[in-house]
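Notebook open, coffee ready. I want to look this one up piece by piece and jot down what I find.

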Amino acid sequence: ATMVTAGVYMVSRSNVLYEAARGVHVLPFGLTSPGVVGLVGRLRVFVAGTIAIAQWDIKRVLAFSTISQLGFMMAAVGLGGYVAGMFHLTVHSFFKALLFLSAGSVIHGVEHGHHHAHEHGEHEKEAFGYREGVLDPQDMRNMGGLRRRMPVTFWVYTIAAIAIAGIFPFAGFWSKDEI
C-alpha cells in the first residue's frame with residue numbers, strides 16, 4: 001500500500017515545486033515538468049487499462065486496474081488538481097480494498113468448490129466451474145455461477161465495481177468528477 005500511494009502523495013506534497021516549475025520550458029516540445037507528469041499519467045491510464053483487459057487472473061486484473069487509477073490520479077496532479085488527486089487516492093483505497101477482499105472470497109469459494117466438486121458427481125463439477133486438469137482458483141474463466149452461491153460477496157463486489165466505475169452516487173463519481 002505504501003508503494004502504491006507514495007508517488008501520488010509525493011507529487012501532491014511537492015506541489016509548490018511543481019507550481020514554481022510550471023513556466024519553465026526546458027523539456028522538448030515545450031513541455032513543463034507538471035505537463036510531463038500529466039502526460040505520463042494519461043499514458044499510464046491507457047496502457048494499464050489495455051493490459052488489464054487481456055488478463056484472466058482476477059488479482060492481476062485488479063492490480064492493473066490500480067495502476068490505471070494511479071495514472072488517473074497522476075494526470076490530475078500533473079495538471080494542478082492536487083486536492084482532486086488526493087481525494088481520488090483516498091476514496092480509491094476504500095473501493096479497491098472491497099474489490100481485493102471480495103476477490104479473496106471468490107478465490108476461496110472457487111477453491112473450496114473445486115474440492116467439493118472433485119469429491120462429488122458431474123452435476124457438482126459443472127456447478128463449480130470444474131474443468132479437466134488442474135483448476136486455477138484465480139482464473140476468472142472458472143468463476144461462473146457464483147452469484148447464487150456467494151450473494152454477499154456478489155453484492156460487495158458489485159457495489160465496489162460501481163464505485164470504481166464512477167457511477168453516481170458513489171464516491172468514485174465525486175472524485176472522478178472533481179478531476
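**Leu39 and its helix**

I started with Leu39, which lies in helix H3. I take helices as DSSP runs of H or I with at least four residues, and strands as runs of E with at least two, numbered from the N terminus. Leu39 counts as partly exposed because its relative accessibility is 44%. My cut-offs: buried is under 20% relative accessible area, exposed is over 50%, and partly exposed is in between, with a 1.4 Å probe and protein chains only. Then I looked for a partner far along the chain: Leu39 and Leu79 are 40 residues apart in sequence, and their C-alpha atoms are 9.0 Å apart in space.

**Ground rules**

Note to self: this is a predicted model, where local features need pLDDT of at least 70, side-chain atom pairs count only at pLDDT 80 or more, and totals for chains, interfaces and linings use all residues. Residues are numbered from 1 along each chain as its sequence is written, and side-chain values use heavy atoms, with hydrogens and water left out.

**How far to trust it**

I checked pLDDT next, which is the predictor's confidence in each residue, from 0 to 100. The protein averages 81, and 79% of the residues score at least 70. Where is confidence lowest, and where is it highest? The low end is helix H6 (residues 122-127) with a mean of 54, and the high end is helix H7 (residues 151-165) at 93. Where pLDDT is low, the predicted coordinates should not be read in detail.

**The overall plan**

I counted eight helices and zero strands. Read along the sequence, that gives α-α-α-α-α-α-α-α. Of the 179 residues in the protein, 37% are buried.

**A greasy patch**

Back to H3, which covers residues 33-53 and holds Val47. Val47 counts as partly exposed, because its relative accessibility is 39%. Which residues make a nonpolar surface patch with Val47? They are Leu43, Phe46 and Ile51, and the patch is about 380 Å². A patch is made of residues with over 30% relative accessible area and no salt bridge; like charges are joined within 9 Å, and nonpolar side chains (Val, Leu, Ile, Met, Phe, Trp, Tyr) within 5 Å. The areas come from the Shrake-Rupley method with a 1.4 Å probe, and for residues only the protein chains shown count as cover.

**Helix H4, end to end**

H4 (residues 58-78) has 21 residues and reaches 30 Å from its first C-alpha to its last, close to the 30 Å expected. The expected span is 1.5 Å times one less than the number of residues. At the start of H4, a side-chain oxygen of Asp57 comes to within 2.9 Å of the backbone nitrogen of Lys59. Just after H4, I found Gly80 with a positive phi of about 100°.

**Helix H5**

His88 sits in H5 (residues 82-119). Buried or exposed? His88 is buried, because its relative accessible area is 0%. The side chain of His88 makes a polar contact with the side chain of Ser175, at 2.6 Å. A polar contact is a pair of N or O atoms within 3.5 Å; within protein, one must be able to donate a hydrogen and the other to accept it, and residues adjacent in sequence count only if both atoms are side-chain atoms.

Thr90 is in H5 too, and Thr90 counts as partly exposed at 41% relative accessibility. Thr90 and Ala171 are 81 residues apart in sequence, yet 9.8 Å apart in space, C-alpha to C-alpha.

**Salt bridge hunt**

A salt bridge means a side-chain nitrogen of Lys or Arg within 4 Å of a carboxyl oxygen of Asp or Glu. How many did I get by this rule? One salt bridge. Asp139 pairs with Arg141, the closest N and O atoms being 2.8 Å apart. Asp139 is buried at 7%, whereas Arg141 is partly exposed at 43%.

**One odd bond**

Last stop: the peptide bond from Phe168 to Pro169 is cis, with omega near 5°. Most peptide bonds are trans. Pro169 lies in the loop between H7 and helix H8 (171-178).
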